[in-house]
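Here are some exercises to help you find your way around a new structure. Try each task yourself before reading the solution.

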Amino acid sequence: MARLTLPQLERHLFAAADILRGKMDAAQYQEYIFGMLFLKRASDQFDVVRAQIIEQRLRAGDSQSRAEAVAEAKGYYPSNQFFVPERARWSYIADHAREANPGDLLNKALGALEEHNSLALGGVLDHIDFTRKVGNSPLSATAVRDLIDHFGRYQLRNEDFEFPDLLGHAYEYLIGEFADEGGKKGGQFYTPRSVIRMMVRLVEPQEGQSVYDPCCGSGGMLILAKEYVEEHGQDASTLAVYGQEENGSAWAMARMNMLLHGMTGEGIAHGDTLADPKHEDAQGELLRFDRVLTNPPFAQNYKRKGMPHPERMAYGWAPESGKKADLMFIQHVLTVLEPDGVAASVMPHGVLFRGGEEAKIREQMVEKHRLEAVIGVGPNIFYGTGIPACILVLRGSDGLPDDKQDGVLFINADREFTAGRAQNTVDPQHDEKIVTAFRERKNIDGFARVVPFEELRENRYNLNIRRYVDNTPPPEPQDVRAHLHGGVPKAEVTAKDGLFKAYGIDVAKLFKERDADYYDFPEIGYMATAASIPALAAPRERELVEAYGEWWGAHVKHLVALGRNPESVPDGSGELMKTREELLTTFTRDLLPVGVLNRFQLSGVIAAWWFEVQYDLKSLVGQGFHGVIERWVANIESAFEEPEDADAKTLTRLRADQRKARGHRLVPALIPEYVEQLEAAEALVAKLDGKIKAGTPKKAAAAGDDESDEPEQDPGEILSAPELRMLRAQLKTAKTEVKALRAAFVDELKKAAAGLSLEGAQETVLNFLESDLRARMDRFVTAGRRELAATYRTWGSKYAVTLAGLEQQRDAAAEQLAGFLKELGYA
């Protein structure tokens with residue numbers, strides 16, 4: 001039986017949200033979806049363990065009734081397994097869902113589950129209330145039953161998942177979707193994962209360490225710290241994670257997130273970190289942590305009176321009002337760091353330059369060598385605010401390491417993002433550029449600079465990033481002499497020489513010599529020359545393609561090994577992570593010498609590819625090459641699973657998903673004849689429909705209606721009634737054939753997939769993986785080539801026509817106009 005894939009589960013959860021979407025906003029219905037998911041998962045996996053206990057007791061000689069009675073004793077279950085009492089089991093819920101109050105049924109199920117697992121779930125589920133009023137009335141019984149029916153469609157046992165951590169990734173997906181829908185409210189519990197990955201790389205957590213987030217939201221920082229340790233081949237089970245969150249709903253989300261990722265979540269506390277820090281030792285002292293990652297709420301007030309552990313604020317107290325608690329969170333972070341610890345915290349830009357007490361706090365941070373780096377990131381990256389933010393990298397009480405005693409590193413990365421419709425994103429190539437600059441700690445013009453402490457003192461500890469690293473693009477140079485007399489300044493051309501050299505083009509050969517300081521455009525003109533650039537770049541691009549082919553040929557064996565012997569690596573994590581390290585390291589090393597793409601682009605290409613295909617690779621490790629094919633088929637099939645009572649908006653989304661599914665590249669690869677047949681049938685429908693529309697006589701215009709937007713109908717195209725009847729009959733038959741072909745689509749695809757040999761499955765999977773990587777690389781190559789042509793055209797638009805030439809054009813136009821006026825008798 002095919003296992004549940006991540007896209008299938010994501011689509012399933014999104015469809016569950018569709019049942020409630022419109023009845024309330026995302027902030028309200030997200031807890032219902034999370035509660036249902038958690039309840040179903042706990043019940044399904046409990047059923048597996050319960051069946052195992054019954055089987056064990058039967059083999060030991062117990063009767064069926066005795067074995068079942070034993071299986072109801074909580075003490076027989078391992079400590080890492082939730083005990084699910086009868087009223088919280090899915091079979092009980094499904095059997096009683098048609099009773100009068102299904103919302104109360106779910107409330108009692110959640111309450112019973114929490115009560116019997118109070119150590120792990122205390123307070124996590126009790127805030128979810130399916131009978132709470134939404135507006136003037138509670139959630140309808142019909143909607144609750146629809147949710148129960150919907151979640152009953154899939155089993156969520158370990159054995160049902162394509163890879164072990166499937167449920168955790170699906171939960172993260174759901175959190176991200178709700179953050180998108182929640183807009184500003186999403187910022188209360190969600191930090192974009194691309195930013196977190198970058199922050200985790202800045203602090204580099206290691207196995208055996210402790211990681212803490214004092215404002216943990218839904219727990220993303222801690223989850224990705226664990227993933228980082230796993231990705232680097234270390235034992236993530238030895239990583240101790242702690243967090244605190246003031247918002248009760250977000251705290252419950254974080255606890256569930258930990259549990260669904262196979263973590264206990266016991267270190268996640270509920271409360272205000274400033275007013276009531278929860279992580280203390282037996283003597284009441286604050287715990288210390290090796291790494292801290294956090295994104296505290298911006299622009300908060302706080303109360304100094306009665307604040308516990310005031311020693312945290314050793315560097316000063318920011319104003320209690322005016323929403324300036326930002327540096328209070330930073331001081332808390334500094335206090336709880338181990339002496340050699342490292343932290344990264346998101347902050348608003350205001351903390352860098354506001355005066356008064358905040359300036360005094362900054363002074364102490366700098367002078368005590370607790371501030372390692374200030375990194376500016378782009379606008380509209382974070383939910384809840386469109387303004388740019390920054391990341392502060394902080395050090396424990398030991399201060400900066402000896403090799404970093406020369407000052408504070410400033411990185412101005414506010415241009416390193418990809419613009420999106422609603423949110424901008426930090427992509428892997430941006431991540432790589434920032435992290436590399438941080439690790440190498442070198443001055444990079446317009447991007448990074450180590451600012452000496454003395455300079456910071458002179459500026460009174462104003463840490464405004466642009467004061468030290470101004471990345472404002474220089475204005476487009478304008479050479480007055482060239483504008484007046486023609487020619488292209490050689491200085492401008494030389495400044496762009498590196499761009500052209502990367503593609504193997506000597507930019508000077510795109511011009512004619514004029515004199516010592518200027519070039520001329522060639523006789524064919526600048527537009528034709530710009531059009532020739534792709535051909536000139538082609539040889540160097542071929543070198544890159546050849547180097548890429550050699551690299552793939554040398555390293556594809558690692559992927560083959562993963563897919564050929566899935567049973568040899570039961571969880572796949574060890575070999576998969578070794579493969580990841582091998583591919584990420586060698587790709588940049590082997591392709592960088594060609595020169596077309598820089599190291600940030602190459603590292604971004606391979607990192608983004610790995611991130612995109614990681615679930616295919618996890619499936620490859622667990623299920624082999626056939627398993628990946630089955631995964632893709634299952635994802636396509638799930639797009640055609642429609643709820644019976646879907647509304648118009650849901651159906652529109654489903655139709656779009658279905659079109660996308662039919663366009664999956666697996667379809668023409670496995671069933672090309674079917675695709676040709678379907679395309680021919682669809683083309684026939686379109687052709688017949690067009691003939692009928694063209695041949696049907698249009699209604700006569702109403703009397704007095706002299707104007708019409710409709711073009712006049714060609715009498716020769718009008719068909720007789722018998723001809724139209726014949727075409728409509730043919731159209732009906734053609735539509736029936738199209739419908740039948742579409743209905744057979746999934747069956748045809750599954751049949752073709754089942755008939756693939758191991759070699760065929762391997763070839764298909766590897767071809768798709770390779771083409772994905774090549775496409776990512778090609779996008780950067782194409783963008784660079786276009787930049788060359790655009791640069792050359794810019795020179796042409798500025799300097800191809802001189803002032804004298806413009807005057808000649810003006811005079812010619814004036815003479816032409818005068819001639820027209822004379823002909824018309826106006827002159």
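**Exercise 1.** Is Asp-811 buried, partly exposed or exposed, and which side chain does Asp-811 meet in a salt bridge?

*Solution.* Keep in mind that you're looking at a predicted model.
- Start with the accessibility: Asp-811 has a value of 41%. Buried means under 20% and exposed means over 50%, so Asp-811 counts as partly exposed.
- Next, look for the partner. The side chain of Asp-811 meets that of Arg-810 in a salt bridge, at 3.0 Å from N to O.
- Finally, check the partner's own cover: Arg-810 has a relative accessible area of 53%, so Arg-810 is exposed.

**Exercise 2.** Work out how covered each partner is in the salt bridge between Glu-358 and Arg-354, then do likewise for Asp-414 and Arg-466.

*Solution.* A bit of background: side chains of opposite charge can pair when their charged atoms come close.
- Glu-358 and Arg-354 have an N to O distance of 2.8 Å. Glu-358 is buried because its relative accessibility is 1%. Arg-354, at 21%, counts as partly exposed.
- Now take Asp-414 and Arg-466, whose side chains meet at 3.2 Å, N to O. Asp-414 sits in the loop between strand 10 and helix 14 (428-440), while Arg-466 belongs to helix 16 (residues 465-468), so this pair ties together parts that are 52 residues apart in sequence.
- For the cover, Asp-414 has a relative accessible area of 16% and is buried. Arg-466 has 39% and is partly exposed.
- To put these pairs in context, a search of the whole structure turns up 50 salt bridges. Some residues link up in a network, including Arg-50, Glu-72 and Arg-89.

**Exercise 3.** Find the residues that form a nonpolar patch with Val-801 on the surface, and say where Val-801 lies.

*Solution.*
- The patch consists of Val-480, Leu-484, Val-801, Leu-803 and Leu-806, and together they have about 400 Å² of accessible area.
- Helix 17 (480-485) and helix 29 (803-823) are the elements that give two or more residues to this patch.
- Val-801 is found in the loop between helix 28 (758-799) and helix 29. With 34% relative accessibility, Val-801 counts as partly exposed.

**Exercise 4.** Describe how strand 8 (residues 371-377) is covered, and which way strand 9 and strand 10 run beside strand 8.

*Solution.*
- First, the cover: seven of the seven residues in strand 8 are buried.
- Then take strand 9 (residues 389-395). Strand 8 and strand 9 are joined by five bridges and run antiparallel. Here Leu-371 is opposite Leu-394.
- Strand 10 (residues 408-413) is also joined to strand 8 by five bridges, but these two run parallel. Here Ile-375 is opposite Ile-411.

**Exercise 5.** In what order do strands 12, 13 and 14 form their open sheet?

*Solution.*
- The order is 12-14-13, and the pairing is antiparallel.
- Strand 12 (488-489) and strand 13 (512-513) are the edge strands, each pairing on one side only.
- Strand 13 and strand 14 (residues 518-520) are joined by two bridges. To find one pair yourself, look for Lys-512, whose bridge partner in strand 14 is Asp-520.

**Exercise 6.** How does the span of helix 26 (residues 721-743) compare with the expected value, and what do its buried residues pack against?

*Solution.*
- Helix 26 has 23 residues and reaches 33 Å from its first C-alpha to its last, close to the 33 Å expected at 1.5 Å a residue.
- The buried residues include Leu-724, Leu-727, Leu-731, Ala-734, Val-738 and Leu-741. Residues three or four places apart in an α-helix point the same way, because there are 3.6 residues a turn.
- The buried residues of helix 26 pack against helix 25 (672-695) and helix 27 (745-754).

**Exercise 7.** Which residues contact His-12 and Val-451, leaving aside neighbours within four places in sequence?

*Solution.*
- His-12 lies in helix 1 (residues 6-20) and counts as buried at 6% relative accessibility. His-12 is in contact with His-150, Phe-151, Arg-153 and Tyr-154.
- Val-451 lies in strand 11 (residues 448-451) and is buried, at 0% relative accessibility. Its contacts are Asp-406, Gly-407, Val-408, Phe-410, Leu-456 and Tyr-468.
- As a last step, go from Val-451 to His-150: they are 301 residues apart in sequence and 58 Å apart in space, C-alpha to C-alpha.

Terms used
Residues are numbered from 1 along each chain as its sequence is written. This is a predicted model: local features need pLDDT of at least 70, side-chain atom pairs count only at pLDDT 80 or more; totals for chains, interfaces and linings use all residues. Side-chain values use heavy atoms; hydrogens and water are left out. Buried means under 20% relative accessible area, exposed over 50%, partly exposed in between (1.4 Å probe, protein chains only). Helices (H or I, at least four residues) and strands (E, at least two) are DSSP runs, numbered from the N terminus. Two strands pair if DSSP finds at least two bridges between them. Patches are made of residues with over 30% relative accessible area and no salt bridge: like charges are joined within 9 Å, nonpolar side chains (Val, Leu, Ile, Met, Phe, Trp, Tyr) within 5 Å. Accessible areas come from the Shrake-Rupley method with a 1.4 Å probe; for residues, only the protein chains shown count as cover. A salt bridge is a side-chain nitrogen of Lys or Arg within 4 Å of a carboxyl oxygen of Asp or Glu. The expected span of a helix is 1.5 Å times one less than its number of residues. Contact means heavy atoms within 4.5 Å.
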